[in-house]
Amino acid sequence: MEARTVNWTALRGPADQAPAAEGLRERKKRQMRQQLSDTATMMFMERGFEAVRVTEIAEACGVSEKTVFNYFPTKESLVLDRWETTTASLRAALADPATTPVEAVRRILASELDDLLGWLDAQADPAQTRVLMRRFFELAGATPALRAHQRDELDKVVAVAAEILAERSGLAAEDPEPLIAATALLGLWEVHTRALRRYLQGEHPPAEIRARVTEEVGRAARVVESGVSSLRG
């Protein structure tokens, strides 16, 4: 399967989607960024992350290695860069005092899930795309460099969330309460991802995947809301 057969935008977050008003220069930059990431994703899945050099990705896209790094600061970010979008979403959602932090995160996750399932349903061969998605998740989970990158990026997002929560509650960003709250909130992404990976197995229709993933995130969210003491039994 050619790299361009599957558009991996939905797994990277909405940052790469075309804005309502976009000039020619901006469109070309977005398309190049997408091409680089799509090509790298397929090459990594076919040969393994460590076996592919950035120069090979550049050659496959007809650009220089420097151009690749102009778009992506690290090799890891070629395939895992969606936390930038998550950070922007959290900044907006958690800053709204009318919405509880847990509800804000659940809305973000619901929106991401809708985008992903809508994208999957629009593919020419959804069944084959599911196979590739499973390989994508396996690559991310089995590659030490990618796992380390995910942890580093998650730490950055937790710090941002803790800062916002501290401001909401009148605490200092280094206080333990906003830190543990931010860590728990970001844990909902792990629940979401694990459930999604599980239900992408088999032939579950998109509506069923949405319902099951949402239900599991909801169960985890209730624990975050009520505290660890709710697990006493």
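How many residues does helix α10 have, and how far does α10 reach from its first C-alpha to its last? Good morning, colleagues. The model I shall discuss is a predicted one, and I begin with that helix. Helix α10 covers residues 206-226, which makes 21 residues. From its first C-alpha to its last it reaches 30 Å, close to the 30 Å expected at 1.5 Å a residue. Directly after the helix, Gly-227 adopts a positive phi of about 95°.

Which residues of α10 are buried? They are Ile-209, Val-213, Glu-216, Val-217, Gly-218, Ala-220 and Ala-221. In an α-helix there are 3.6 residues a turn, so residues three or four places apart point the same way. The cover over the buried residues of α10 includes α6 (101-122), α7 (126-142) and α9 (176-199).

One of those buried residues, Val-213, brings us to the nonpolar core. The largest such core has 60 residues. Those with the most contacts inside this core are Phe-44, Leu-78, Leu-90, Leu-186, Trp-189, Leu-196 and Val-213. Two or more residues come from each of α2 (24-47), α3, α5 (83-94), α6, α7, α8, α9 and α10. The most is given by α6, with 10 residues. As general background, nonpolar side chains in soluble globular proteins tend to be buried together.

Let us take Leu-78 as an example from this core. Setting aside residues up to four places away in sequence, Leu-78 touches Leu-36, Ser-37, Ala-40, Phe-44, Ile-57, Val-68 and Phe-72.

I turn now to a charged residue, Glu-56, in helix α3 (residues 54-61). Is Glu-56 buried or exposed? Glu-56 counts as buried, because its relative accessibility is 16% and the cut-off for burial is under 20%. Apart from neighbours within four places in sequence, Glu-56 is in contact with Met-43, Arg-47 and Ala-51.

Finally, the largest pocket. Its volume is about 860 Å³. The lining consists of 29 residues, and nearest the centre lie Trp-83, Gln-150, Trp-189, Glu-190 and Thr-193. Trp-189 has thus appeared both here and among the residues with the most contacts inside the core. Which elements supply at least two residues each to the lining? They are α1 (9-12), α6, α7, α8 (144-169) and α9. Of these, α9 gives the most, with 10 residues. By class, the lining of this pocket comprises 14 nonpolar, six polar and nine charged residues.

Conventions:
Residues numbered from 1 in each chain as written. Predicted model: local features only at pLDDT ≥ 70, side-chain atom pairs only at ≥ 80, totals over all residues. Heavy atoms only, no water. Helix = DSSP H or I, 4+ residues; strand = E, 2+ residues; numbered from the N terminus. Expected span 1.5 Å × (residues − 1). Buried < 20%, exposed > 50% of the residue type's maximum accessible area, 1.4 Å probe, protein only. Contact = heavy atoms within 4.5 Å. 1 Å grid on protein atoms, 1.4 Å probe; cavity = no way out; pocket = protein on both sides within 12 Å on 5 of 7 lines; lining within 4 Å. Points joined across faces, edges and corners; volume = space filled by probe spheres on them. Nonpolar A, V, L, I, M, F, W, Y, C, P; charged D, E, K, R; others polar. Core = buried A, V, L, I, M, F, W, Y, C linked by side-chain atoms within 4.5 Å.
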